[in-house]
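Colleague: I am new to this one and would like a close look at a single part of it. Please walk me through it step by step.

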Amino acid sequence: MNDRLSDYRRKRDPKRTPEPVPASTPDGAAPGRRFVIHQHHARSLHWDLRLERDGVLASFAVPRGVPRDPARNHLAVHTEDHPLEYLDFEGTIPAGEYGGGRMFVYDRGTYDTEKWRDDEVLIVLHGERVSGRYVLFQTSGKDWMIHRMEPPEPGWAPMPSGVRPMLSTAGKRLPANDAEWAFELAWAGERRLAPVSGGRAELPFRELRALGPALAPTECLLDGVVVEFGPEPVFMAFDLLWLDGKSTMDLPYSARRDLLLGLDVNGPNWQTPPHFTGGGRFAVHSPGAAKGRPTRPRKVGP
Ligand code: MN
């Protein structure tokens, strides 16, 4: 049977995958308006944009996700058409099978088609998380690009570039107004800003780059330090400078800490180290501090 789903069926064994594998393909001529974006933790994290079209889902694998910024075009690899049943599919494809890994719905909604040609598709997405006018255009074979054709959504600002970490300075005394300060340990290691976007973390060790998929779809700019505990690098994330399109640099320390803790940056090779409030003497004399280096006072509040 040679129809629009023959590639899809050929790549899958219905006995081994939880994915829908329908025996027949509807010969629907209706254009359809539904779309879904799957977040797919396959060997390499990507997002699958699927557009209902002529009874199937035209599909593109977008390694860095659908761009929010018109200044950044993202690669979109044209993949085989998927059945309409895939609009609601979530699950884990067993390791070793085609596309093995966890897949869940990142967004869904409807879309309008402004142009649909073999090498160029112009659409307007109306999703919960992703909305706006986009063009997909073929560059070579299966490789296409996706470009946002309008300004970012109101309130969304790109991650700042060229930010320098704010370095602590040595002090001989604890600050007089203790209650207004928080205290952290000063970790011996390499201070690093970690941009995390499109499921990728820009960090110097492979173990640390897994932070990108772990936080996805969250995008953020973390401030921290790479500490080597024995052979293992660990990124200690102690501050947050930008989160999902919003700068946090004007927020007080305590508010940034709350947002940072909400990200749950705790994994095999990354942690959010504690901070101490209630006065510097407490921090200096706490067991953790006794083993560490001089504490790093930071002012709390505006
Ligand atoms: Mn995929």
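In which loop does Asp264 lie? Start there, then take me to the largest nonpolar core and its surroundings.

Modeller: Asp264 lies in the loop between α4 (253-262) and β16 (270-271). Keep in mind that this is a predicted model. Phi of Asp264 is near 55°, a positive value in a residue other than glycine. Asp264 counts as exposed because its relative accessible area is 51%, and the exposed class begins over 50%.

Asp54 is another residue to look at for its backbone. Its phi is also near 55°, again positive in a residue that is not glycine. Asp54 sits in the loop between β2 and β3. At 29% relative accessibility, Asp54 is partly exposed.

Now the whole chain, briefly. It has 302 residues, and 45% of them count as buried. Six helices and 17 strands make up its list of elements. The C-alpha trace spans about 80 × 40 × 30 Å along its principal axes. Take the contacts with a separation of 6 or more: residues 24 or more positions apart account for 56% of them.

Next, the core. The largest nonpolar core holds 21 residues. Ile37, Leu51, Ile123, Leu125, Leu136 and Ile146 touch the most other members. Seven strands each give two or more residues to this core: β1 (34-41), β2 (45-53), β3 (56-62), β6 (101-116), β7 (120-127), β8 (131-140) and β9 (143-148). The largest share, four residues, comes from β2. Apart from this core lies another, of 18 residues. Phe235, Leu240, Leu243 and Val265 are among the members of that second core. A general point fits here. Nonpolar side chains tend to be buried together in soluble globular proteins.

Take Ile123 from the core. Ile123 is found in strand β7. Ile123 counts as buried because its relative accessibility is 0%, and the buried class is under 20%. Set aside its neighbours within four places in sequence. Ile123 is then in contact with Leu51, Tyr111, Asp112, Thr113, Gly132, Arg133, Tyr134 and Leu136. Of these, Leu51 and Leu136 are also among the core residues that touch the most other members. For a sense of distance, look from Ile123 to His275. The two are 152 residues apart in sequence and 47 Å apart in space, C-alpha to C-alpha.

Ile146 is also among the core residues that touch the most other members. Leave out its neighbours within four places in sequence once more. Ile146 is in contact with Leu49, Val62, Val66, Pro67, Arg72, Asn73, His74, Ala76, Tyr134, Val135 and Leu136. Tyr134 and Leu136 appear here, and they appear among the contacts of Ile123 too.

His74 is on the list for Ile146, so let us follow it because it is buried, with a relative accessible area of 14%. His74 is placed in strand β4 (residues 74-83). A polar atom of the His74 side chain lies 2.6 Å from the backbone oxygen of Gly65. Beyond its neighbours within four places, His74 is in contact with Val62, Arg64, Gly65, Val66, Pro67, Trp144, Met145 and Ile146. Gly65 is thus named twice for His74, as a contact and through its backbone oxygen. Val62, Val66 and Pro67 are in contact with both His74 and Ile146.

Then there is empty space. Rolling a probe the size of a water molecule over the atoms shows where such space is left. The structure holds one cavity of 30 Å³ or more. About 30 Å³ of space lies in the largest cavity. Its lining is made of Arg68, Tyr134, Arg148, Pro152, Glu153 and Trp156. These divide into three nonpolar, no polar and three charged residues. Tyr134 of the lining is also in contact with Ile123 and with Ile146.

Two prolines finish the tour. Pro151 lies in the loop between β9 and β10 (181-185). Pro151 is exposed, with a relative accessible area of 56%. Pro151 and Arg129 are 22 residues apart in sequence and 15 Å apart in space, C-alpha to C-alpha. Pro217 is in the loop between α3 (211-215) and β13 (220-229). A cis peptide bond joins Ala216 and Pro217, with omega about 10°.

Key. Residues are numbered from 1 along each chain as its sequence is written. This is a predicted model: local features need pLDDT of at least 70, side-chain atom pairs count only at pLDDT 80 or more; totals for chains, interfaces and linings use all residues. Side-chain values use heavy atoms; hydrogens and water are left out. A nonpolar core is a set of buried Ala, Val, Leu, Ile, Met, Phe, Trp, Tyr and Cys residues joined through side-chain atoms within 4.5 Å. Buried means under 20% relative accessible area, exposed over 50%, partly exposed in between (1.4 Å probe, protein chains only). Contact means heavy atoms within 4.5 Å. A polar contact is a pair of N or O atoms within 3.5 Å; within protein, one must be able to donate a hydrogen and the other to accept it, and residues adjacent in sequence count only if both atoms are side-chain atoms. On a 1 Å grid over the protein atoms alone, a cavity is a set of points where a 1.4 Å probe fits but cannot get out, and a pocket is an open set with protein on both sides within 12 Å along at least five of seven lines; lining residues have an atom within 4 Å of a point. Grid points are joined across faces, edges and corners, and a volume is the space filled by probe spheres set on the points. Ala, Val, Leu, Ile, Met, Phe, Trp, Tyr, Cys and Pro count as nonpolar, Asp, Glu, Lys and Arg as charged, and the others, Gly among them, as polar.
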